[in-house]
Amino acid sequence: MTWEEGKILGPVSQNNFTSNEDLLKIKGLLDEPEAKLLLHDFLRNNITFTTNLIAGVDLFPFQHLAIKSMLETDYFLGIWSRGMSKSFSTAIYAFLDAIFNQGIQIGIMAATFRQSKMIFEKIEDIARKPEAAFLSQCITKKSKKNDQWTLEIGESKIIALPLGDGSKLRGFRFHRIIIDEFLLMPEHIYNEVILPFLSVVQNPTEREKVRKLEDEMIAKGKMTEDQRYQWPNNKLIALSSASYKFEYLYKVYETFEDLIVNGTAPGSKDLSKRVIMHFSYDVAPQALYDQNLINQSKQTMSQSQFDREFNAIFTDDSSGFFKTSTMAACTIKDGEDPCLEIAGDRDSKYLLAFDPSWAESESSDDFAIQLFKLNDNTKTGTLVHSYAVPGLKMNDHINYFHYLLDSFNIVAIVGDYGGGVQFLQGANASEQFNKANLNIKEIVADLDNTEHYQDALRDAKTQYNLKEKKICILRKATSDWIRKSNELLQASFDHKRLWFGGRPLDENYHKQLKKDIPIDNLVFIPNQKESLRSSGGAKQLDFLEHQYDMVNYTKNQCALIQVTSTPQGTQTFGLPSNLRRQSGPSKTRKDSYSALVLGNWMIKTYYDIMNVEETPVDSTFTPIMV
């Protein structure tokens, strides 16, 4: 572990309380008001002791260092290894700051509301323990609404919010902002909402009065310039694992590093204190990590992924067949159209691709569905909705399939032939489909015959009937088709014919939350009953945010794909050999990638079918009058 001290600007400390050294010099009896103030200073100086006293938690030295830094500095950026107690340490900081600085408001945000609530729930978990009696007494009120959780500690408030489009943040006057998984923070919100918000000070009128009094005392020689009261600034606490160097997190990291090492420009009034804490797993105490987990992760992750997740190293790019940087370039910017959707526009066209899995085990493959919004002008598609869940009963998958057919104007479907035939049969015979009078029919055409491809397209176009729902092609995955379809997907990324939908913001965000969908009947994550206890509007909010996770899930699977060749020259596209050997519920999967390959192939095929020329007439018969 190394320590690099930056360029010191302004006062070395902004503390307005008595140091441990000065406390040791105090002799004799103290009256009660003074004793209370000095107790506050002692507890504020000794974070490990305080945390143990009021919460019954023993801190590791690195946690003490991190929490102390969060309390002392204005901008804290933590790039920590996975499992390094980011949420736990931040939860301790949050309740300590709320106790020490009565009247402040602390906002907790993350890419999803579930993530925001995790830090909130960590505080609750700590406070429930018998040894945290003092902490539980400090908590005066709790409130849990659909889109806002509030914990009151005396006059202070800790508020967990969904990030959404940033509009919720504008309605609060936070003195501290905590961002968990900063890697997923939209650049738009950080620059246009977070940074301007932090620049607005609290108590401006009171500050001006105090400054005028200080000016008078300095003019009379009763105090010096360095004795001015140091007002606390608003704080930003941001934590994340490492990212790729082309992603926005790395730009923020470099900005922090430059300001710490080189300081601000001459004449700048920015005297903010900043700190970066960069923790790899190997600096953590041995008791914190299970060495078996580390060894397993080394065997099951690519080196690039392990470097980011555990070594906290920013890496250049993925090394698989599909580059992460290329996929990032094919991602719609947050707030722009097309964005992620949970219900579609009736005037738009959508294409659905599915890769079925019949097993009802949590260790099975995902049942994966990808939904694309079509653009007839450019003949391109944008992934706007994704589903991937293992181990559910087939009726749950059919129910989700029916919801998509009902909520989106789907004009074409493609599925993997292996399992697809049985799934369509089961869906068509289901209660949901019978009630809706739905019956998905298959188009059968020899689209692999390159010599007669145009004839096959005409055959498919003749069969295609949207009104009767004859819109489905079940694709047999031959080795030749697998190679061509993967090369097609790579070309689609290179030439930007396939896009990933952006995060919905502003009007699009609220529009999706107002959509009427059967949210209480949908299962969209494994063990949903245990992990999602919400319903109605709260569940719909989780569902919309979940789509952003699913798009990243798809990209991550694509980034892992490697191409290998057999001695006979046959190419295979799959996970690295160490990942293929995994088993169990947490194994690495590639079914969302498979559905993406199917969907991309079907987008091209759909437009080929729709735009194929009619059969040319070779000759005509002209009757002759005799």
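The largest cavity in this predicted model is lined by 11 residues, and those nearest its centre are Ala-111, Arg-503, Tyr-509, Leu-544 and Glu-545. Its volume comes to about 100 Å³. Beyond this cavity, there is a nonpolar patch on the surface to look at, along with a cis peptide bond before Pro-338 and positive phi values at Ser-85 and Lys-496.

**Inside: the cavities**

- In total, the structure holds three cavities of 30 Å³ or more.
- What kinds of residue line the largest cavity? Seven are nonpolar, two are polar and two are charged.
- Helix 22, which covers residues 536-560, gives the largest share of this lining, with three residues.
- If you would like a place to start looking, try Tyr-509 and Leu-544, which are among the residues nearest the centre of the largest cavity.

**On the surface: a nonpolar patch**

- Five residues make up this patch: Leu-39, Phe-42, Phe-49, Leu-53 and Phe-134.
- Together they have about 450 Å² of accessible area.
- Two helices each supply at least two of the patch residues: helix 2 (32-45) and helix 3 (47-55).
- Phe-42 is a handy one to find, as a member of helix 2.
- Is Phe-42 buried or exposed? Phe-42 falls in between: its relative accessible area is 31%, so it counts as partly exposed.

**Along the backbone: three spots to visit**

- Most residues other than glycine have a negative phi, and most peptide bonds are trans.
- The peptide bond running from Asp-337 to Pro-338 is cis, and its omega is near -5 degrees.
- To find Pro-338, follow the chain into the loop that joins helix 14 (324-329) to strand 9 (350-355).
- Ser-85 is not a glycine, yet its phi is positive, near 65 degrees.
- Where does Ser-85 sit? Look in the loop between strand 1 (75-80) and helix 5 (86-100).
- Ser-85 has a relative accessible area of 14%, which is under 20%, so this residue is buried.
- Lys-496 is another residue that is not a glycine but has a positive phi, in this case about 55 degrees.
- The loop that holds Lys-496 lies between helix 19 (479-494) and strand 15 (498-500).
- With a relative accessible area of 39%, Lys-496 is partly exposed, whereas Ser-85 is buried.

Methods. Residues are numbered from 1 along each chain as its sequence is written. This is a predicted model: local features need pLDDT of at least 70, side-chain atom pairs count only at pLDDT 80 or more; totals for chains, interfaces and linings use all residues. Side-chain values use heavy atoms; hydrogens and water are left out. Helices (H or I, at least four residues) and strands (E, at least two) are DSSP runs, numbered from the N terminus. Buried means under 20% relative accessible area, exposed over 50%, partly exposed in between (1.4 Å probe, protein chains only). Patches are made of residues with over 30% relative accessible area and no salt bridge: like charges are joined within 9 Å, nonpolar side chains (Val, Leu, Ile, Met, Phe, Trp, Tyr) within 5 Å. Accessible areas come from the Shrake-Rupley method with a 1.4 Å probe; for residues, only the protein chains shown count as cover. A salt bridge is a side-chain nitrogen of Lys or Arg within 4 Å of a carboxyl oxygen of Asp or Glu. On a 1 Å grid over the protein atoms alone, a cavity is a set of points where a 1.4 Å probe fits but cannot get out, and a pocket is an open set with protein on both sides within 12 Å along at least five of seven lines; lining residues have an atom within 4 Å of a point. Grid points are joined across faces, edges and corners, and a volume is the space filled by probe spheres set on the points. Ala, Val, Leu, Ile, Met, Phe, Trp, Tyr, Cys and Pro count as nonpolar, Asp, Glu, Lys and Arg as charged, and the others, Gly among them, as polar.
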